[in-house]
Amino acid sequence: MSSTLLESALNLVFPPTCCGCGERIETPKIEVFVCATCADKIKLLGQSICSRCGSASAEGPVSQCAKCPHFETCYSFSRSACSYTSPIRELIHEFKFQGSRRVRPFLYEIFLKGADRFLNPRDFDAIVPIPLHWWRGFRREYNQAELLADALGKVWNIPVLPKAAKRVRMTLPQSQIPGRYRERNIQGAFSPGPESVTGMRVLLVDDVMTTGQTLAGCSVALFQAGAKRVVGYTLARRG
Ligand SMILES: [Zn+2]
Ligand SMILES: [Zn+2]
């Protein structure tokens, strides 16, 4: 069966719907999963951002903003490819909890293009994804941070070190707990892992940045392991 025929057959059985709004997509192709209306709603981050935390800034480029992490950050700065709004929220949810292969290429593209806008591969020696607790891996939850890191590592031709840091304590998702408990939730959650980052400039990758405390907690472990510099980069930025 040719791929076009197969596509038509699959489209009959599973009419494609938009991951953003759930509407059926007309003139479908297998790889289409967001309708044009939802695709237009994606808020890519570009020039008008805070140079410290990477969040959107209505006043154009600023050196610090109200959303900046108020605690002492130990990483140099962070960037995110887009805002955590619909339909990115739904796509990331599908990516995370169903390991959906159909949304991956689309999210990878947003992530890789963001990296092109904000970062230079020559500034880094390694890419480290925020690790999952072993229990979550055991339950076959997908480490979307590692999948994103792998995609970037391939394009940049830079080693990805998923075991440079490890999660030694189970934590609740930062988005699910009140702000004042977030720092305590993540403190001591990471420790250096078996892969060495001594003397390296590390790009620390995650899917979503909320307050920056997860990036901060993990970068402490990387500095303990001898990293020279840590920069954070996430697919999306909440808030
Ligand atoms: Zn839609
Ligand atoms: Zn900021």
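Me: Where does G226 sit relative to α8, and what is its phi?

Reply: G226 comes just after α8 and takes a positive phi of about 100°. Keep in mind that this is a predicted model.

Me: How do I read a phi value, then? Which residue that is not a glycine has a positive phi here?

Reply: The general idea: most residues other than glycine have a negative phi, and most peptide bonds are trans. In this structure, N157 is not a glycine, yet its phi is positive, about 60°. You'll find N157 in the loop between α6 and β3.

Me: Is N157 buried or exposed?

Reply: Exposed, because N157 has 7 C-beta neighbours inside 10 Å, and 12 or fewer counts as exposed.

Me: You mentioned trans peptide bonds. Which two residues are joined by a cis one?

Reply: S86 and P87 are, with omega at about 5°. P87 belongs to the loop between β1 and α3.

Me: Back to α8. How many of its twelve residues are buried?

Reply: Ten of them, so α8 is largely enclosed by the rest of the structure. The buried stretch includes Q213, T214, L215 and A216. Take A216: 23 other C-beta atoms lie within 10 Å, so it is buried. Here's something fun to look for: A216 and S76 are 140 residues apart in sequence, but their C-alpha atoms are 10.0 Å apart in space.

Me: What span should α8 have, and how far apart are its ends?

Reply: At 1.5 Å a residue, the twelve residues of α8 should span 16 Å, and the end C-alpha atoms are 17 Å apart, so the two agree. Try α4 as well: its 15 residues should cover 21 Å, and its end C-alpha atoms are 21 Å apart, which agrees.

Me: Which residues of α4 are buried?

Reply: F106, L107, F111, G114 and A115. To read a list like that, remember that an α-helix has 3.6 residues a turn, so residues three or four places apart point the same way.

Me: And how do I describe the way α4 and α6 pack?

Reply: Two packed helices are described by the angle between their axes and the distance between the axes. For α4 and α6, the angle is about 55° and the axes are 10 Å apart. The pair is therefore oblique, and α4 passes α6 in a right-handed crossing.

Me: Which residues meet where α4 packs on α6?

Reply: From α4 come R104, Y108, F111, L112 and A115, and they meet L147, L148, A151, L152 and V155 of α6. By class, that contact has nine nonpolar residues, one charged and no polar ones.

Note on methods:
Residues are numbered from 1 along each chain as its sequence is written. Chains are lettered from A and ligands numbered from 1 in the order in which they are written. This is a predicted model: local features need pLDDT of at least 70, side-chain atom pairs count only at pLDDT 80 or more; totals for chains, interfaces and linings use all residues. Helices (H or I, at least four residues) and strands (E, at least two) are DSSP runs, numbered from the N terminus. The expected span of a helix is 1.5 Å times one less than its number of residues. A residue is buried if 20 or more other C-beta atoms lie within 10 Å of its own, exposed if 12 or fewer, and partly exposed in between; C-beta atoms are placed from the backbone. Axes are lines fitted to C-alpha atoms, for helices over the stretch in contact, and angles run from 0 to 180 degrees between N-to-C directions. Angles under 35 degrees count as roughly parallel, over 145 as roughly antiparallel, 65 to 115 as roughly perpendicular and the rest as oblique. A crossing is left-handed if the near helix is turned anticlockwise from the far one by less than a right angle, and right-handed if clockwise. Two residues are in contact if their C-beta atoms, placed from the backbone, lie within 7 Å. Ala, Val, Leu, Ile, Met, Phe, Trp, Tyr, Cys and Pro count as nonpolar, Asp, Glu, Lys and Arg as charged, and the others, Gly among them, as polar.
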